[in-house]
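Here are some short exercises on charged side chains, each with a worked solution. Have the viewer open and try each task before reading on.

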Amino acid sequence: MEIALDTVCFVIAKARELVIDEDREIDEDDEDESLAFTSSPEVDELREFIENLNDDEQSELIAIAWIGHGTFTAEDWDEAVDSALEEHPKARPTIS
C-alpha cells in the first residue's frame, strides 16, 4: 500500500465526526440543514486533505472504502485499486 496508516486513520476519524446522529431526523425539504452538512469547515477540511493526496493514495482510499462497503474483498485489493483508478481517473472521492 502506498497510503500511510496514519492517513487512513485521520480520514476515518474525520469522517466519523461528520456522521449524522441516526436518531436525529432531518427534514429533506430544509435546504439549510443539508447545506450545513456539505459545506461546513469540517467537511472542507476533510475534502482538502483528500484532494492533497496523490493519485495512488486517493485510489487506495477509495479501494479501502469499497472493501469496507463489501463491494470488494480484501483478497481483491489489486482489483479494487485498479477499478478505483479506472472509474475515478482523478481518484477524487466526493464527500456528501
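Let us begin with one residue of this predicted model: aspartate 44 has a relative accessibility of 38%, so it counts as partly exposed.

**Exercise 1.** Find the salt-bridge partner of aspartate 44 and describe the pair.

*Solution.*
- Step 1: Look for a nitrogen of Lys or Arg within 4 Å of the carboxyl oxygens. Arginine 47 qualifies, with 3.4 Å between the closest N and O atoms.
- Step 2: Place the two in the fold. Both belong to helix α3, three residues apart, which means about one helical turn separates them.
- Step 3: Check the partner's accessibility. Arginine 47 has a relative accessible area of 25% and is partly exposed.

**Exercise 2.** Work out which residues are joined into one network by salt bridges that share partners.

*Solution.*
- Step 1: Count the bridges. The whole structure holds three.
- Step 2: Take lysine 14 and glutamate 17, whose closest N and O atoms are 3.8 Å apart. Both sit in helix α1 (residues 5-18), about one turn from each other.
- Step 3: Lysine 14 also meets the side chain of glutamate 45, at 3.4 Å from N to O. Glutamate 45 is in helix α3 (residues 41-51) and lysine 14 in helix α1, so this pair ties together parts 31 residues apart in sequence.
- Step 4: Put the shared partner together with its neighbours: Lys14, Glu17 and Glu45 form one network.

**Exercise 3.** Is lysine 14 buried or exposed, and what about glutamate 17 and glutamate 45?

*Solution.*
- Step 1: Lysine 14, at 17%, falls under the 20% cut-off, so it is buried.
- Step 2: Glutamate 17, at 52%, counts as exposed.
- Step 3: Glutamate 45, at 36%, is partly exposed.

Technical notes. Residues are numbered from 1 along each chain as its sequence is written. This is a predicted model: local features need pLDDT of at least 70, side-chain atom pairs count only at pLDDT 80 or more; totals for chains, interfaces and linings use all residues. Side-chain values use heavy atoms; hydrogens and water are left out. Helices (H or I, at least four residues) and strands (E, at least two) are DSSP runs, numbered from the N terminus. Buried means under 20% relative accessible area, exposed over 50%, partly exposed in between (1.4 Å probe, protein chains only).
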